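Reader: I have a model open on my screen and would like to see how its labels are earned. Could you take me through them?

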Amino acid sequence: MPEIRVTPLGAGQDVGRSCILVSIAGKNVMLDCGMHMGFNDDRRFPDFSYITQNGRLTDFLDCVIISHFHLDHCGALPYFSEMVGYDGPIYMTHPTQAICPILLEDYRKIAVDKKGEANFFTSQMIKDCMKKVVAVHLHQTVQVDDELEIKAYYAGHVLGAAMFQIKVGSESVVYTGDYNMTPDRHLGAAWIDKCRPNLLITESTYATTIRDSKRCRERDFLKKVHETVERGGKVLIPVFALGRAQELCILLETFWERMNLKVPIYFSTGLTEKANHYYKLFIPWTNQKIRKTFVQRNMFEFKHIKAFDRAFADNPGPMVRPAAGPASTSTPVGLLSSAGVVFATPGMLHAGQSLQIFRKWAGNEKNMVIMPGYCVQGTVGHKILSGQRKLEMEGRQVLEVKMQVEYMSFSAHADAKGIMQLVGQAEPESVLLVHGEAKKMEFLKQKIEQELRVNCYMPANGETVTLPTSPSIPVGISLGLLKREMAQGLLPEAKKPRLLHGTLIMKDSNFRLVSSEQALKELGLAEHQLRFTCRVHLHDTRKEQETALRVYSHLKSVLKDHCVQHLPDGSVTVESVLLQAAAPSEDPGTKVLLVSWTYQDEELGSFLTSLLKKGLPQAPS
Amino acid sequence: MKLYCLSGHPTLPCNVLKFKSTWRRCYTMQEVNSALSKIQLVGYSQKIELFGAVQVTPLSSGYALGSSNWIIQSHYEKVSYVSGSSLLTTHPQPMDQASLKNSDVLVLTGLTQIPTANPDGMVGEFCSNLALTVRNGGNVLVPCYPSGVIYDLLECLYQYIDSAGLSSVPLYFISPVANSSLEFSQIFAEWLCHNKQSKVYLPEPPFPHAELIQTNKLKHYPSIHGDFSNDFRQPCVVFTGHPSLRFGDVVHFMELWGKSSLNTVIFTEPDFSYLEALAPYQPLAMKCIYCPIDTRLNFIQVSKLLKEVQPLHVVCPEQYTQPPPAQSHRMDLMIDCQPPAMSYRRAEVLALPFKRRYEKIEIMPELADSLVPMEIKPGISLATVSAVLHTKDNKHLLQPPPRPAQPTSGKKRKRVSDDVPDCKVLKPLLSGSIPVEQFVQTLEKHGFSDIKVEDTAKGHIVLLQEAETLIQIEEDSTHIICDNDEMLRVRLRDLVLKFLQKF
């Protein structure tokens, strides 16, 4: 029995470290190869020894697919390909291929240079790993080998994010990666056609959330930022360099312009310029509005947003007013005013600049930190969002958080409604949930099973889901046979299901369905004709010709749908069944009728003999 | 739009004024937008189903940004349409040749219009003539389209002007769509050649004209009016349209510069005869250089391509099957392939010499499970199939036959005709032959006695005397002649069928 097997090595009832193994029709595909932000030990990478204990992974995997550039989806890639060992193809979209190595390098630097980790992948390994990448276009059908093909669909979420269809013959799986079903300020909405896969593997980050309108959230966000800077406070917005950052920048930029605000906005990382440049060059991947207007105005050229200056972070809080006087004239104006907005990376406050700034500002209740996205368990972001106000930092230091902590769901994941919508669009036979928390998944699983009547699975990491499939078998049908059948299908009585009869010739892996006659001919065999002739005794005293005529009119009246003919030689035919009078018998009261038919007309022949056995109806007087 | 007109010349468009009644109104912007709104965007190697019957796929043709060849295929047939392709390395993605393999028919058109000119040589000539003119204090006019080859020309100049000491000469690009064309060219990295793609990863704009603009070497204007008049410095190089010299800002420059022999007009677009284009401006003091750049396939490249992809049949316009009329001795300027290409003329319908014989059908797994294959010859197995055909959206599916309907309870009065069999239920064909001795033994085993066998010219007659039954057995036929005894007939039938194969 053919089957599809799915085993998450990461993202099974969890967020982070996305890595899902799929076996379909004998092909093995690995979906994503992410790292876990919540761990610093072995658990941060998927356990690839599950695939094989010894030997190279190349022998066990036909291909690897990366859905988008977020590190929880691609962060383990150099480790996987260069340190564990994989030389097969790695597929991703062009923007992902462009941006992924930069984020990997960034991640490597934090791990090695800042945390001093040994035995981490090197810059060279990132380069070597990227050489194995094959870039795919949206909707392009990529033939991985003769049987396995993959196709990317637009997923929204971040620049270059894609959903992937994996197909072998008539069996297919769709993996969504992370996606967003509502367009935002810089990206469009995910879309997929009604491809009816056997299985849809979908993320479920917001499995239980149904979010209010984006406009309200945006208004809320702007109001909070505005209020804080009005009263002289600082706003920290931890973001990842690419993605949400650009959306929020566009949002603040337009607001600043409209309100004519002068308070400075900084973007913390060296990546800024570069990141925005990617967006400018990959305009076709953004939303319709940006695509339409980019020639007049490129939305990723910001007027109000400046590169970050460290002096601003160190600037004492709003309690200390800048001293007026000649001493301060040499300092840029923006740095002196204590109010301001800073976008800093990374987004979950687990390391780097955002964490540094957070530590400096946390003590002042006039400041505010706005978490615009999901935070993985174990990160500082997650801790403060769950209400923790005393944080234990390295060296047993305790950091008291007095600043306001706000959460605004700006991460571009589909909410429950969006997930249901996508399931409805693709019409899969089954759904499998990954990239979410177990409790929330449970809720969504029930919802999907009840409302959409589709089987739903939610395996934990290392747990395998096996789905039996029943693929139909493609064969070639001879056009003659097909046309004959279809022509008959057009006849008025075609309502009844009709049987097509043919012979399937199987030679090697070549399967052809042809008419029986053609099959015999092709194999050089002669037809063997089987014929029956029955003697039917009729009691009739009339002359032979009259008997034949009576038989004719009787059959004609019974077999209305059949072709009944009375031939000049006195015989009667019903379709190809022949009825003939035999030589006159001795008994003049009995006539013998010979009914003759071939095996192919058996039903009719047998019906006729039993009908005649009952005798002829009384002739009308 | 301006129509440039000089009276008196026989080939001039103004004479067309006489036939004004045959003129057609040009489409409006609204009509353009309405037409464009009907377009469905597709990408290279995307498989697009049309009515379930055929699949079409665009492939990179290597000629321009987004230019495509197309494959039209069903499950058993494949037609390729190759038009406007280039094997040269310019800015677009290279031509996808591999996907054209195994074509039943390859329709070939859009070959180079100037088969004798080498595009590389032409570009060299373009640069040297441009440099010569500018050094002598003259201006260069390049009548061109606002997209396509101009990207390559600007790239060549980018590399050339510094080494030629021309970095201070301004390049002007004047077209209502100049800005859009330059901007758009930079955002379609995925459709560009590998070198340009990798630039985006840095991230840098794929085309160097971004740098030319940034360093103020290249300036673009929507028209000669407005900013251009203020910035205009001579000597300079102007790229503008239309290449026919009949309308657009190029007309202005022809008038402005035509009287001085210092200036040069360089024709690069192959679509128009430069002599005809220049005719209304004669007499002309300005130098004219003709270096047509047409990167599309020439005949040498075509024969290489055809050898590579080996289509069963090639179909092309008649002109390609004979040398050009002006160079009738040049036998190398025509398509040479085996079997010879089939040619067509305008509005001609061509019958292609290949026959469709098979179509794809899917057998449902339940039906497949019920099939009983039988090995007839080594490596060849057969199975008879009786199934219900379902056709929807041109997709065929075979389902298992329905279970025989339960006889309805006898409440209703039955009519004789209710029992009339459905003659559409087909019986299989039979094949094989019946060995008489074994057949007789089988009959005996099943309780028939008093069996007599007679030899005939073609076979045997088996007589069952008790049952008054006669069975004629020949190599390819069997005939059972008996009384009207259905039970007996069916018993005999089944015994005969044991020796035969069903098809």
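Author: Gladly! This is a predicted model, and between chain A and chain B there are 41 residue pairs in polar contact, with both residues at pLDDT 80 or more. Sorted by class, the side of chain A that touches chain B has 43 nonpolar, 26 polar and 18 charged residues.

Reader: Why is the pair Arg535(A) and Asp483(B) called a salt bridge?

Author: The closest N and O atoms of Arg535(A) and Asp483(B) are 3.0 Å apart. The rule asks for a side-chain nitrogen of Lys or Arg within 4 Å of a carboxyl oxygen of Asp or Glu, so the pair qualifies. Across the interface of chain A and chain B, the rule finds 4 salt bridges.

Reader: What makes strand E24 of chain A and strand E16 of chain B a pair?

Author: At least two bridges are needed, and these strands have 9, so they count as paired. Their sense is antiparallel; E24 covers residues 499-507 of chain A, and E16 covers residues 380-392 of chain B. Within this pairing, His501(A) stands opposite Ser386(B).

Reader: How many residues of each chain are in contact with the other?

Author: On chain A there are 87, and on chain B there are 90. The two chains bury about 8100 Å² between them, with 61% of it on carbon and sulfur atoms.

Reader: Where does the name "Beta-Casp" for part of chain B come from?

Author: From an unreviewed UniProt entry, which lists residues 150-278 of chain B under "domain: Beta-Casp". In the model, that span is 43% helix and 12% strand, and its end C-alpha atoms lie 21 Å apart.

Conventions:
Residues numbered from 1 in each chain as written. Chains lettered and ligands numbered in written order. Predicted model: local features only at pLDDT ≥ 70, side-chain atom pairs only at ≥ 80, totals over all residues. Heavy atoms only, no water. UniProt positions renumbered as here; feature names shortened; annotations may be inferred. Helix = DSSP H or I, 4+ residues; strand = E, 2+ residues; numbered from the N terminus. Contact = heavy atoms within 4.5 Å. Buried area = accessible area lost by both parts, 1.4 Å probe. Polar contact = N/O pair within 3.5 Å; in protein donor to acceptor, adjacent residues only side chain to side chain. Nonpolar A, V, L, I, M, F, W, Y, C, P; charged D, E, K, R; others polar.
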